[in-house]
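Thank you all for making the time this morning. I would like to walk you through one protein model, slowly, and I ask you to keep the picture in view while I talk.

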Amino acid sequence: MPTLAQQHILLGISGGIAAYKAAELTRLMIKAGAEVRVCMTEGATHFVTPLTFQALSGNPVHTTLLDPEAEAGMGHIELARWADQIVIAPASANCIARLAHGFADDLLTTLCLASKAPLHIAPAMNQQMWANAATQANIATLKSRHIKLLGPASGAQACGDIGFGRMLEPEQIMQLLQADTSALPLNGVKVILTAGPTREAIDPVRFISNRSSGKMGYALAEAAQALGAKVTLISGPVALQAPPDVTLIKVESAEQMLNATLAHMPEQNIFIATAAVADYTPQEVVDKKIKKSATELSLPLKRTQDILATVTDRYPELFSVGFAAETHDLMTYARGKLERKNLQMVAANSVAGGKVFDQETNALEVVWRDGQHSFPEMPKRELAQQLMQLIAARYHSFKDIRSCVLN
Ligand code: CTP
């Protein structure tokens, strides 16, 4: 199920008594695994101190637009780009009016204008202010721009009135955010992966295979799904359970893996080849068990077809990621593979001394045409989550560049 884990959430807090509830909301977001940065309006700082949110989020709180010190750290444009989603809770009547009219007269409204991230607002105000035609017109404007409304709820208000205008409880806001997949970076994106080893039959009881456990591929499938992707996993024989809701296609040989991959390829957006596909397969499969007789036996082998290269050749518009396992000259070979197989990204790991196979941890060097990134050694599941975030980010910039070129 998609979650808020690893999501960059910019939490905007505007001035209102419900600002105190934003402290609990911050705590719940952090607990759900999100990274939270808080931006408070001047009014909000009169209700709760920025220090509270700094302590809860573990990050400095952003309050003013023209603060040279803050701009030297994470400037407002960087902050706007950093956000995967923006949540304003509470959103006062004034804040809603300024958003509806596109103002950029404080940091929060400027960030909202400067960011492409989906925006959620949790209104909180007196029931008469909520019912006022001006507020309702502003809300209609925001809705027409696909800004998501979280509440408000009805009930007793701090001012003594009863009616609509109360901010939703933090738990309710979290439920709505977690149920909404539209903000996830791979929402609506189709990801297909190959994983595990292949088995090349020699006779009915013997085969050639390798030590791949499939752990990285399965962890990446899970990570892609958590980011909102629709995932198809073409897997060789492994002792792992596929994440629920992933379309799992089990195969044995390199040829079956190629055929299954091609059969599921049309309409995919991202292809990640993590499988350790056999490079060679017996020229012939003997249909009866080979009996031991001669003192020596040689087995003629032939090359298998490269699945990754075949796919990139047929689907050059696909965002394709390859893996490379090298004992030496990691980066040189990784860059070579990038060019040779026409890939958008290569993730390379060192297998010097036979490490990596069936291990719980791994480290990766990732390269693309004009950049690279190193992931230090960490558990494979965590590494997969971080790599998937990077793949999602690179995929979106690849798509943006392609659409600029095509337009
Ligand atoms: N791959 C594939 N089909 C094959 C062989 C490899 O899809 N028949 C994919 C793997 O899943 C991986 C990448 O290609 O993503 C690895 O490329 P490859 O050139 O096979 O790398 P190595 O096995 O490291 O090969 P070599 O050391 O021989 O260059």
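I will begin with the protein as a whole, then turn to one of its sheets, then to a single glutamine, and end at the ligand.

Please bear in mind throughout that what you see is a predicted model, and that the values I quote are computed from it. The protein has 407 residues, of which 48% are buried, and its secondary structure comes to 14 helices and 19 strands. Taken along the principal axes, the C-alpha atoms fill a box of roughly 95 × 45 × 40 Å. The protein exposes about 20100 Å², and carbon and sulfur atoms supply 53% of that area. If we take the contacts between residues at least 6 apart in sequence, 67% of them join residues that are at least 24 apart.

Let me now move to the sheet. Five strands form an open sheet here, in the order β2-β1-β3-β4-β5, and the pairing is parallel. Its edge strands are β2, residues 35–40, and β5, residues 148–149, each of which pairs on one side only. As a general reminder, strands of a sheet pair through backbone hydrogen bonds, and they may do so in either a parallel or an antiparallel manner. Strand β1, which covers residues 8–13, is joined to β2 by six bridges, with the two strands running parallel. Along this pairing, Ile9 stands opposite Val36 in β2, while Gly12 stands opposite Cys39, again in β2. Strand β1 is also mostly covered, in that five of its six residues are buried.

Next comes the glutamine I mentioned, Gln85, which is placed in strand β3, residues 85–91. Is Gln85 buried or exposed? Gln85 has a relative accessible area of 1%, and because buried means under 20%, it counts as buried. Its side chain is joined to that of Gln7 by a polar contact of 3.0 Å. Leaving aside its neighbours within four places in sequence, Gln85 is in contact with several residues, among them Leu4, His8, Ile9, Leu10, Ala117, Pro118 and His120. Leu177 and Ala183 belong to that list of contacts as well.

That brings me to the ligand, and to the question of which residues come nearest to it. There are 16 residues around the ligand, and those that come nearest are Ala273, Ala275, Leu308, Phe323 and Lys337. At Ala275, a backbone N or O atom lies 2.6 Å from an oxygen atom of the ligand, and at Ile307 a backbone N or O atom lies 2.9 Å from a nitrogen atom of the ligand. The side chain of Lys341 also takes part, with an N or O atom 2.9 Å from an oxygen atom of the ligand. Taken alone, the ligand exposes 590 Å², and the protein buries 74% of that. The elements giving two or more residues to the surrounding shell are α12 (307–314), β16 (319–326) and α13 (330–340), and of the elements that contribute, β16 gives the most, with four residues. By character, the shell around the ligand divides into seven nonpolar, three polar and six charged residues.

I will stop there, and I am happy to go back to any part of the picture.

Note on methods. Residues are numbered from 1 along each chain as its sequence is written. This is a predicted model: local features need pLDDT of at least 70, side-chain atom pairs count only at pLDDT 80 or more; totals for chains, interfaces and linings use all residues. Side-chain values use heavy atoms; hydrogens and water are left out. A residue is near a molecule or strand if one of its heavy atoms lies within 4 Å of it. A polar contact is a pair of N or O atoms within 3.5 Å; within protein, one must be able to donate a hydrogen and the other to accept it, and residues adjacent in sequence count only if both atoms are side-chain atoms. Accessible areas come from the Shrake-Rupley method with a 1.4 Å probe; for residues, only the protein chains shown count as cover. Ala, Val, Leu, Ile, Met, Phe, Trp, Tyr, Cys and Pro count as nonpolar, Asp, Glu, Lys and Arg as charged, and the others, Gly among them, as polar. Buried means under 20% relative accessible area, exposed over 50%, partly exposed in between (1.4 Å probe, protein chains only). Contact means heavy atoms within 4.5 Å. Two strands pair if DSSP finds at least two bridges between them.
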